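Thank you for making time for this. I would like to walk through one model, starting from a single helix and then widening the view, so please keep the display in front of you as I talk.

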Amino acid sequence: MFQTLDVVRDQHPDDAQLLSLLGGAHLLNKEFDKGIALLEKAVEIDPRAAALRTQLALGYLSGGESTEAVSALESAVDLNSGLVQADVLLALTRLQLREFDAALEVVDALAKKLPDSPVPANMKGVAYLGKDDRPAAREAFKQALKKSPEFVTAHMNLARLDELDGKFDAAESHYRSVLKTDDKHVGAMLAMARLAARNRDNAQAEKWLEKAWEKNKGAVQPGLALVNVRLQEKERLKALA
């Protein structure tokens with residue numbers, strides 16, 4: 001495939017879209033240096049194409065070059081304020097780099113572009129968590145749920161906050177809300193099992209793990225957790241004998 005594309009590229013060396021296609025193919029093949037080089041050439045040919053800069057940023061991220069990715073994404077945002085994908089990727093990259101104040105600035109701009117979406121508020125909550133500001137994080141997650149009451153990610157984040165704050169009944173309520181929306185959600189079922197075990201209700205914990213395993217046959221974590229619980233129960237019964 002690459003030989004064919006290379007021939008076409010040699011015939012049209014100044015075609016930015018063709019270079020983008022070939023660069024993306026190399027990235028998918030995990031040939032990051034080749035893919036990035038082709039995408040950089042595409043951006044050089046068409047420097048005002050925000051979509052190309054966003055694709056280049058994805059290439060940088062795939063190759064572990066976060067600083068370069070941030071620069072490319074900031075340029076993409078400046079070139080096309082309507083390209084929301086660039087804002088989202090920039091915010092996520094800032095969060096990954098633990099640049100929480102910078103992430104908050106990006107998220108505030110994103111919220112103006114997506115006023116009805118729960119995503120910016122949820123990202124804001126994650127940034128505040130990174131700053132160890134739990135009250136602000138909780139408020140941000142609540143704002144996300146106001147925009148979309150069934151937004152699973154915000155429910156999960158609030159549930160984890162509730163567990164950290166010792167509000168286990170509130171956490172369970174959020175996990176149950178998640179399962180109403182997505183009855184196969186592994187994280188929520190594992191959390192329910194954890195809460196049951198905390199209450200010394202091992203039978204209920206095992207039921208949750210069995211349910212998680214049944215609904216997610218390919219998932220490793222519920223299977224391992226279920227084996228661990230059964231081994232612990234076996235050891236407990238042996239000790240009582």
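Let me start with α10, which has 13 residues and reaches 19 Å from its first C-alpha to its last, close to the 18 Å expected at 1.5 Å a residue, where the expected span is 1.5 Å times one less than the number of residues. Helices here are DSSP runs of H or I with at least four residues, strands are runs of E with at least two, and both are numbered from the N terminus. Before going further, I should say that this is a predicted model, in which local features need pLDDT of at least 70 and side-chain atom pairs count only at pLDDT 80 or more, while totals for chains, interfaces and linings use all residues. Residues are numbered from 1 along each chain as its sequence is written, and side-chain values use heavy atoms, with hydrogens and water left out.

Back to α10, then, which is mostly covered, with 10 of its 13 residues buried; buried means under 20% relative accessible area, exposed means over 50%, and partly exposed lies in between, using a 1.4 Å probe and protein chains only. Those buried residues include Asn157, Asp162 and Glu163 alongside Val152, Met156 and Leu158. What covers them includes α8 (119–130), α9 (134–147), α11 and α12. After α10 comes glycine 166, whose phi is positive, near 75°.

How do the axes of α10 and α11 cross? The axes of α10 (residues 152–164) and α11 (residues 168–181) come within 8 Å and cross at roughly 160°, the axes being lines fitted to C-alpha atoms over the stretch in contact, with angles running from 0 to 180 degrees between N-to-C directions. The two helices are therefore roughly antiparallel, a label for angles over 145 degrees, whereas under 35 is roughly parallel, 65 to 115 roughly perpendicular and the rest oblique. Among the residues that meet, with contact meaning heavy atoms within 4.5 Å, are His155 and Arg160 in α10 and His174 and Tyr175 in α11. The residues of this contact divide into nine nonpolar, four polar and three charged, where Ala, Val, Leu, Ile, Met, Phe, Trp, Tyr, Cys and Pro count as nonpolar, Asp, Glu, Lys and Arg as charged, and the others, Gly among them, as polar.

A second pair is α2 (residues 16–28) and α3 (residues 32–45), whose axes come within 8 Å and cross at roughly 165°, so that α2 and α3 are also roughly antiparallel to each other. Their contact includes Leu19, Gly23 and His26 in α2, and Phe32, Lys34 and Ile36 in α3. The residues of that contact divide into 10 nonpolar, four polar and two charged.

Turning to α5 (residues 66–79), we find 14 residues and a reach of 20 Å, close to the 20 Å expected. Its buried residues, among them Ala69, Leu73 and Val77, pack against α4 (50–62), α6 (84–96) and α7 (100–113).

Two loop residues deserve a look. Arginine 98, in the loop between α6 and α7, has a positive phi near 65° and counts as exposed at 59% relative accessibility. Arginine 200, in the loop between α12 (186–198) and α13 (202–215), has a positive phi near 60° and is exposed, with a relative accessible area of 76%.

Finally, the whole protein has 14 helices and zero strands, and 41% of its 241 residues count as buried.
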